[in-house]
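Here is a quick tour for anyone meeting this structure for the first time. Have a look at it, then read on.

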Amino acid sequence: MKRGLQPFHLAVLALGFGFLYVPIALLVLYSFNASRLVTVWGGFSTHWYEALLGNEALLASAFVSLRVALVSSVLATILGTMAAFALVRFGRFSGRTLFAGALYAPLVMPEVIIGLSLLLLFVGLGIDRGFWTIVAGHTTLGLCFVTVVVQARLATFDRSLEEAAMDLGATPLATFRAVTLPLIAPAMLAGCLLAFTLSLDDFVIASFTSGPGSTTLPMRIYAQVRLGVTPEVNAISTLLIGFVGFILLGAAAINRLRKPQGSG
Amino acid sequence: MDAQKPLLRIERVSKSYGEVTALRELSLDIAANEFFALLGPSGCGKTTLMRLIAGLEKPDAGRILLDSVDITHLPPHLRPVNMMFQSYALFPHMSVAKNIGFGLVQENLPRKEIATRVADMLGLVQMEGLGERRPDQLSGGQRQRVALARALVKRPKLLLLDEPLAALDRKLRHETQFQLMAAQRDTGTSFVVVTHDQDEAMVMAHRMAVMHAGVIEQIGTPRQVYEEPVSRHVAGFVGETNFFDGRVTHFMPGGVEVQTHSGLALEAGCREHPALGTRVVVSIRPENLRLGPPSQLVTNGAPGEITDHVFREGMSSWRVRLDGGDIVHVRQPIAAGTATYDRGARVFVAFAPECARALVR
Amino acid sequence: MRPLRRLVLAIPALWLFAFFLAPFALVAKISVSRPLVAQPPYEPVFSLADGWQGLWDKLSRLTLDAYALVFSDDLYLDAYLSSLRLAAIATLLTLLIGFPLAHAMTRAPRQWRTALVLLAIAPFWTSFLIRIYAWIMILKDEGLLNHALLSLGLIHAPLSIFATEAAVLIGIVYSYLPFMVLPLYTALEKQDPALLEAAADLGATPLRAFWRITCPLAWPGIFAGLLLVFIPAVGEFVIPDLLGGSDTLMIGRSLWNEFFENRDWPAASAVAIVLLAILIVPLVLHERQQVKERAA
């Protein structure tokens, strides 16, 4: 019986990951195309990036997106961590099924439904749509993802660590600060990053919840994409991918630094 | 144990989880400077009892007194009791030294004093120079020693140890037993070990309590418990034994004669005074049974046939099917000149009445 | 419950109630209101100032017209059916691609696996919109795929994939593949390879062992993957809008158009409510799956 990686498996991996990554690679590649035509390679150029710098509307939306992502991911992390604690630590409380249901449903719920319902809420309450309504929408979606990530960590959390801390004289608060928090921090960070990128990338919910003056970057990109394939869009996309990649690598590096160096 | 006030007194403590009763009006005294073992199968309530002493659970009823102070409702971080967890519960994000010093930091002691006391503890558990390691860089035995050091550094009046040897391999377990005994002697702390392993309790403890279904069945020195078990459960749990079910037919000085269901008439020592006809079980340890040639006619015994014979750790072990149908286990040291019997041999199995116990419960 | 606990539960619960559950009630309410050329474009609007009589008057103005529209207009019915069909086909395709991929990942050397898992999830971190855009670039009539095939001499006239259902399927499979691969990988990775050895030892051919051992044991992962792809795919808007043609009907797109272009809010709400009703069974299955998974 043969085990391990056979040529067949290698081919499947190459094809599968090729399928996932070739489109992204092409997109990045053609952002450096000197030609305006997609299919014709006209030589290397950073022309389109320079053009972006002059596009003030685009930069303004990028700034809106960043602020929304920052605020909503922080809120989502706080709320999501609380929700995860409630789910894992509070045993069976009344309404738990509804609570868990409301947390898991947005993970798969079509975005048009979430977007529409939020918009109707804001209109019904007479709230002007803008920065904060987008934040509210993104926080709601983000907190569910944070909950799932933190919950997974809490579920495998060895409670005897907290008991040991209390046994050694730490108050409940000191125990939380010295033991619980440092151990779930990586999961909270991962959840926060997830919420951040979800917010940065979201187009549908933002379209429903944004108002005048709060056009997000994906909304701007969408408008451009509808007009056709242009190297500018490639350039923005590449920058966005690069930005998220940079954050992820940074987070991974921080996590690695926090861990012990090898074993000696 | 003398008539001094006990260090720890547990008074009629009960605890249940929903339908399940973990402890039933349990009382227990533990003296200062004592090495005490709580022994029992899983689910007998020994872990619950330990968690109640540590303050990690609250009893439904009863009191817990430490040095005559009622600590029943004191939260764990205010109790002068420390615990060594079965999983060791070493903080994975802290170095060995930080782990050991954690309890002292909570007391807001000066840094210098913390450093000295941590260094002392590292010495006590022979871990000098390993203070900067992380728990995941240690071997199982080293982790166990860090856990011990961390629990002892606060100089608790009482140290609870939850299955302290369970995670170690056989050989290391043996060595560690002696290290724990030495640590107890050197620090003068009372140790309460929770274990399901009767060997551990027998080796280490001054006194032990055998628990079953939420109550203590017997308290005594390991030798008392082994030689004079009070119940079928204790006899079966502590050491190996052979049981014969039967009824009391005669009284003898210090004992009774029992007619077993399989038709044997056995004499056995008995502490209680059961009425004639009472159902009892006779317990005889394998090392108290003797094998002899079938011709030998002795009272208190029965003929039978060897079904198995193994040799282990300097002892010969036989399984014998008695003619009445009972299967008994006989163990004897191998010494020069001892007769040996192979599978299929006819033998006579006998014992001295004072080595057997007739148990009412 | 202790006060602190109460707070830790109450804050996220209130948030979810305010921004997730309560809005659904509003959607349901507006779906039975009448469209109006005003802001907001529906009536009646309830207000406390109305008093009981006013409230009663307004209640009597509620109507099921929007639902009548949704059920009588072939365009909506076709859109629902076509959404379900496309989502189902795309989900199966995702499984067909995802299973071999996840399986091959479990066969990779142990030290590769974490990296492979990260590689499989990483596209999730890049913008959805951007990934769809990349496919426009590739699939357009004058796009990269046709260009490559033409210059290789494999085809003589450009393929028209862009603006067809095929493009939508490619888009869905591409976007949701990570959601399929991850649960599948988790389920397959847990399996003890000795099981297959035991099956072989007992005389099963590799194919039979795969079918009788690997697949049934991987079922929870397969099921999770199917739900994770199917449910959001049914209501997808961006993919049919950008990759589909004007004749590609999907309900998410109909909802969007009803809302943003026709400004018929009651109709859009009715579309959403019916969509929710269609998805309620897979949604409940997904909930159960999550609860089971989190409990384990």
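Domain bounds, as used here, come from an automatic or database domain assignment. With that in mind, chain B is divided into domain 1, residues 8–232, and domain 2, residues 244–359. Keep in mind throughout that this is a predicted model.

**The two domains of chain B**

How far apart are the centres of domain 1 and domain 2 of chain B? Taken over C-alpha atoms, the centres are separated by 39 Å. The contact between the two involves four residues of domain 1 of chain B and four residues of domain 2 of chain B. On the domain 1 side, the residues that touch domain 2 of chain B come out as one nonpolar, one polar and two charged.

**A sheet in chain B**

Chain B has an open sheet of five strands, and its order is β15-β19-β16-β17-β18, with antiparallel pairing. Which strands sit at the edges? They are β15 (290–292) and β18 (327–333) of chain B, and each of them pairs on one side only. If you ignore direction, neighbouring strands of this sheet are turned by 45° against each other on average.

Let's follow β16(B), which spans residues 301–312. With β19(B) (residues 346–350), β16(B) runs antiparallel and is joined by five bridges. One spot to find on screen is B:G301, which stands opposite B:A350 in β19(B). β16(B) also pairs with β17(B) (residues 315–322), again in the antiparallel sense, this time over eight bridges. Here you can pick out B:E305, which has B:R321 of β17(B) opposite it, and B:D308, whose bridge partner in β17(B) is B:R319. β16(B) and β17(B) form a hairpin with two residues between them. In the turn of that hairpin, B:E313 has a positive phi of about 50°.

**How the chains meet**

Two pairs of chains touch, and the pair with the most contacts is A and C. Chain B and chain C, by contrast, do not touch: 15 Å lies between their nearest C-alpha atoms.

The contact of chains A and C takes 63 residues from chain A and 77 residues from chain C. Several helices of chain A give two or more residues to the side that touches chain C, including α3 (56–89), α8 (172–201) and α11 (231–258) of chain A. Which element gives the most? That is α1(A), with 11 residues. By class, this side of chain A has 50 nonpolar, 11 polar and two charged residues.

Chain B meets chain A through 20 residues of chain B and 19 residues of chain A. On the chain B side, β6 (81–84) and α2 (96–106) each supply at least two residues. The largest share there comes from α2(B), with three residues. This side of chain B divides into eight nonpolar, seven polar and five charged residues.

**Two helix pairs**

Two packed helices are described by the angle between their axes and the distance between the axes. Here are two pairs side by side.

| Helix pair | Crossing angle | Axis distance |
|---|---|---|
| α8(C) (165–190) and α10(C) (206–234) | roughly 160° | within 8 Å |
| α6(A) (131–155) and α1(C) (3–31) | about 125° | 10 Å |

The first pair lies inside chain C, where α8(C) and α10(C) cross at roughly 160°. That makes α8(C) roughly antiparallel to α10(C), and their crossing is right-handed. Among the residues that make the contact are C:Y176, C:F179 and C:L184 of α8(C), along with C:P220, C:G221 and C:L228 of α10(C). By class, the contact has 15 nonpolar, three polar and no charged residues.

The second pair brings chains A and C together, with α6(A) and α1(C) packed at an angle of about 125°. That makes α6(A) oblique to α1(C), and α6(A) passes α1(C) in a left-handed crossing. Which residues make the contact? From α6(A) they are A:A136, A:T140 and A:L143, and from α1(C) they are C:P12, C:W15, C:F19 and C:F20. These residues divide into six nonpolar, one polar and no charged.

Technical notes:
Residues numbered from 1 in each chain as written. Chains lettered and ligands numbered in written order. Predicted model: local features only at pLDDT ≥ 70, side-chain atom pairs only at ≥ 80, totals over all residues. Axes fitted to C-alpha atoms, helices over the stretch in contact; angles between N-to-C directions. Helix = DSSP H or I, 4+ residues; strand = E, 2+ residues; numbered from the N terminus. Parallel < 35°, antiparallel > 145°, perpendicular 65-115°, else oblique. Left-handed = near helix turned anticlockwise from the far one by under 90°. Contact = placed C-beta atoms within 7 Å. Nonpolar A, V, L, I, M, F, W, Y, C, P; charged D, E, K, R; others polar. Pairing = 2+ DSSP bridges.
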